[in-house]
Amino acid sequence: MHEPLPTRRTNAQERFDDFFNRALDAQERAEMLAGVSVRRRFRLANSDVEFRLAHPALEPLFCDALAHIEIAASGEPDFSIHIWDESLSGVEAPPPCWSRDDLLAYGEIGEFIDAERYLYVDLDRAMVSAGNRRMRSAAVWIRSPEHLAESERAAPLPFLLNWLASEAGYFTVHAASVGRPEGGVLVVGRSGAGKSHTAIACLDSDLLYVADDRCLLGTKGRPESASLYSTARLYVADVHRFPFLQRNTKNTFQNQDGKVVFFLNAIVPERLAPGFPIKAVLLTQPSGRRDTKVETALAGSALLFLGPENALRSPSVGRVSLASLASTLRSIPCFRLETGTDVSQIPRTIAGLLDMLPESETPLP
Amino acid sequence: MVVSDAAFEVNEPMVISETIDDETIIINLATGSYFSLKHSGATIWAVIQQGGILSDIAATVRARFEVDGHDIEHEISALVEKLLAEDLIRPKERGAAPFSPSVASAARKGIPFVAPTLDRFTDMEAMLLLDPVHDVDERGWPQVPLNSGHARTTSDQTH
């Protein structure tokens, strides 16, 4: 059995803790039944996070998109995530600690979330994630790989990882990030504005790639991006604009949104970076012209793109994330990037901007 | 029309906001809607946050903007009614604490007044309105109905 939790808990905390302990035990049982335990370790937001998978078939689902930040196991991890699959193991989830009414709210079940505890119930994907900071572990149950959307393979455990990273002041943002080890940019904009297009264009340049759609933004101290997933997405009709990706027929799949997902760590591993200091935010939009240009902009629009999504998708950290993102965006300049049809101009324009900006050595207060 | 000594407060904790570069982003966590207030709108929001009544808001706007030709009270009142309708603010009793006009003290003369608009964004609302009805038995999701034929090994057996 796992370590007993302290007394003087509320009824909700007791119910959660019981569920959580049972979930950890269930995952252990699933591993035992499978006769194999898979351990994969990743460097995520300055923490060593170990995935403990109860079946090898879970590896591609949860690990392929994180392969670029995989590290060798050394000592105890900072946090461990225990994952099992009911269809493979026959071990079902423990009885729920939540009620049917709790499920009216999407995803996070606020009644059970506090400074230590986290609970995310994903009905559509048939998946439950429960975490406990004090025990430095989380348990994840899935009904079967078939229930998980392809988006999970491209970007596994987004909510649990956002909660985990938020402890260190990192928040998942809907943004691309490209640059150099000494400094890069965060590229924000609505879906379809060209974030992926901009980031993928930089793969064929001297600039390094951290993310094309979703990354972590470190808000404690110097603003910095940190890579989360090494998957890039392009609409099928746009792939021909990037011949180095078009040539690649392996390490891709097409998702239900009509986009091709590329596992970049298997295609251009040398172009990927774990992260870098952020020197500027770029609000991207297509210009409709050949040339790409950049001009100054107000940061309020950047917060409009970044703040609400994180706060609404993860309300447990939403209040903190909005304030932290706002504080970070106040500290860095903001520009509008109008991307042209000549793809090669995009990285050149960003590189020229980075050359003009001062080093981002000033830490936040 | 909202009366001049009416007092309001931000509808916390379900409403959160931040301001950058004269643009305030407001999020209603309960509905999934989020909003943008720019220029005079951001100033009005800031005075409400600081406990100002309607006459305080009008005084602050006059101190900060060139308002010639505008019916300031009418413009402010219209915005306040929209904020109330969206549950972003709520009426409050006037307390003993006086309004501390830190916004007015940062007044910058010569900014032309533009009537405030509340831009509303609803693209995240659908995410919060998913139907939770799924294949559930009396024990609750994610337990599948006992007659489903689904293979099971109850995790309780490990205890």
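## A buried leucine in a loop

With a relative accessible area of 14%, A:Leu272 counts as buried, because anything under 20% falls in that class. Keep in mind that this is a predicted model. You'll find A:Leu272 in the loop of chain A that runs between β17 (259-263) and β18 (275-286).

Who are its contacts? Leaving out residues up to four places away in sequence, A:Leu272 touches A:His68, A:Leu203, A:Tyr209, A:Ser230, A:Leu264 and A:Asn265. There's also a pairing with A:Val210 to look at: A:Leu272 and A:Val210 are 62 residues apart in sequence, yet their C-alpha atoms sit 6.0 Å apart in space.

## Chain A as a whole

Zooming out, chain A is built from 10 helices and 20 strands. Its C-alpha trace spans about 60 × 45 × 40 Å along the principal axes. How does that fit with a compact globule? For 365 residues, such a globule would have a radius of gyration near 21 Å, and chain A comes in at 21 Å, so the two agree.

Plenty of chain A is tucked away: 62% of its 365 residues count as buried. Take its contacts with a separation of 6 or more, and 71% of them come from residues 24 or more positions apart. On the outside, chain A exposes about 14100 Å², with carbon and sulfur atoms supplying 49% of that area. As for charge, chain A carries 39 positive and 46 negative side chains, and the centres of these two sets lie 4 Å apart.

## A histidine in strand β4

Back to single residues. A:His82 belongs to strand β4 of chain A, which covers residues 79-85. Is the histidine buried or exposed? At 9% relative accessibility, A:His82 counts as buried.

The side chain of A:His82 has a polar partner, too: a 3.0 Å polar contact joins it to the side chain of A:Ser80. Beyond residues up to four places away in sequence, A:His82 touches A:Leu24, A:Gln27 and A:Arg52, along with A:Ser137, A:Ala138, A:Ala139 and A:Val140.

## Helix α6 of chain A

How many of the 8 residues in helix α6 of chain A are buried? The count is 8 of the 8, so this helix (residues 195-202) is largely enclosed by the rest of the structure. The buried set holds A:Lys195, A:Ser196, A:His197 and A:Thr198, followed by A:Ala199, A:Ile200, A:Ala201 and A:Cys202. A lysine and a histidine are therefore among the buried residues here, going by the under-20% cut-off.

## Chain B

Now for the other chain. Chain B has 5 helices and 8 strands, and reading along its sequence gives the pattern β-β-β-β-α-α-β-α-β-α-β-β-α. Of its 159 residues, 45% count as buried. Among chain B contacts between residues at least 6 apart in sequence, 65% join residues at least 24 apart. Chain B exposes about 7900 Å², and carbon and sulfur atoms supply 51% of it.

Helix α1 of chain B (residues 40-49) has 9 of its 10 residues buried, so it is largely enclosed by the rest of the structure. Those buried residues are B:Ser40, B:Gly41, B:Ala42, B:Thr43, B:Ile44, B:Trp45, B:Ala46, B:Val47 and B:Ile48. After α1 of chain B comes B:Gly51, which has a positive phi, near 90°.

Key: Residues are numbered from 1 along each chain as its sequence is written. Chains are lettered from A and ligands numbered from 1 in the order in which they are written. This is a predicted model: local features need pLDDT of at least 70, side-chain atom pairs count only at pLDDT 80 or more; totals for chains, interfaces and linings use all residues. Side-chain values use heavy atoms; hydrogens and water are left out. Helices (H or I, at least four residues) and strands (E, at least two) are DSSP runs, numbered from the N terminus. The radius of gyration is taken over C-alpha atoms; the globule rule is 2.2 Å times the number of residues to the power 0.38. Buried means under 20% relative accessible area, exposed over 50%, partly exposed in between (1.4 Å probe, protein chains only). Contact means heavy atoms within 4.5 Å. Accessible areas come from the Shrake-Rupley method with a 1.4 Å probe; for residues, only the protein chains shown count as cover. Lys and Arg count as positive and Asp and Glu as negative; His and the chain ends are not counted. The place of a charge is taken as NZ of Lys, CZ of Arg, CG of Asp or CD of Glu. A polar contact is a pair of N or O atoms within 3.5 Å; within protein, one must be able to donate a hydrogen and the other to accept it, and residues adjacent in sequence count only if both atoms are side-chain atoms.
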